[in-house]
Amino acid sequence: MVRLALQLGYQVVPYEFEEETPQQPGDDQFALQRTREEGQAKNLKERILAKDPQAKILVHAGYSHISKK
């Protein structure tokens, strides 16, 4: 998928959130997921939209990140 995106002229930007503190057994998994997703959104904003507010963005996400429960 990345190779094809590059061939089509997309600019690939990493947006994964780097946690400051590692997960511990018993941590609230929903809170950790929310923190990760908020961090990823912040990275997209800072790394793409801050430089080009009109940028078009395609984000490949897994089902658990896009489902609504």
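**Exercise 1. Which exposed residues does the face of α2 turned away from its buried side carry?**

Some ground rules come first. This is a predicted model, where local features need pLDDT of at least 70, side-chain atom pairs count only at pLDDT 80 or more, and totals for chains, interfaces and linings use all residues. Residues are numbered from 1 along each chain as its sequence is written, and side-chain values use heavy atoms, with hydrogens and water left out.

*Step 1.* Get the terms straight: buried means under 20% relative accessible area, exposed over 50%, and partly exposed in between (1.4 Å probe, protein chains only). Helices (H or I, at least four residues) and strands (E, at least two) are DSSP runs, numbered from the N terminus.

*Step 2.* Find the buried side: Leu32, Gly39, Gln40, Asn43, Leu44 and Ile48 are buried in α2. Looking down the helix axis, the buried residues of α2 fall within an arc of 140°, so they line one face. That arc is taken from the directions from the helix axis to the C-beta atoms.

*Step 3.* Turn to the face pointing away from this side, and you meet Phe30, Glu38, Lys42 and Lys45.

**Exercise 2. Work out what Gln40 and Asn43 touch.**

*Step 1.* Place them: Gln40 is in helix α2, residues 29–49, and Asn43 lies in α2 too. Gln40 has a relative accessible area of 9%, and Asn43 has 10%.

*Step 2.* List the contacts (heavy atoms within 4.5 Å), setting aside residues up to four places away in sequence. Gln40 touches Tyr15, Glu16 and Phe17. Asn43 is in contact with Tyr15, Glu16, Phe17 and Ile48.

*Step 3.* Look for a polar contact, that is, a pair of N or O atoms within 3.5 Å; within protein, one must be able to donate a hydrogen and the other to accept it, and residues adjacent in sequence count only if both atoms are side-chain atoms. The side chain of Asn43 reaches the backbone oxygen of Tyr15 at 3.1 Å.

**Exercise 3. Check the span of α2 and find its N-terminal cap.**

*Step 1.* The expected span of a helix is 1.5 Å times one less than its number of residues. For the 21 residues of α2 this gives 30 Å, and the end C-alpha atoms are 29 Å apart, which agrees.

*Step 2.* At the N-terminal end of α2, Asp28 is the cap: one of its side-chain oxygens lies 3.0 Å from the backbone nitrogen of Phe30.

*Step 3.* For the wider setting, the protein has three helices and zero strands.

Methods: Contact means heavy atoms within 4.5 Å.
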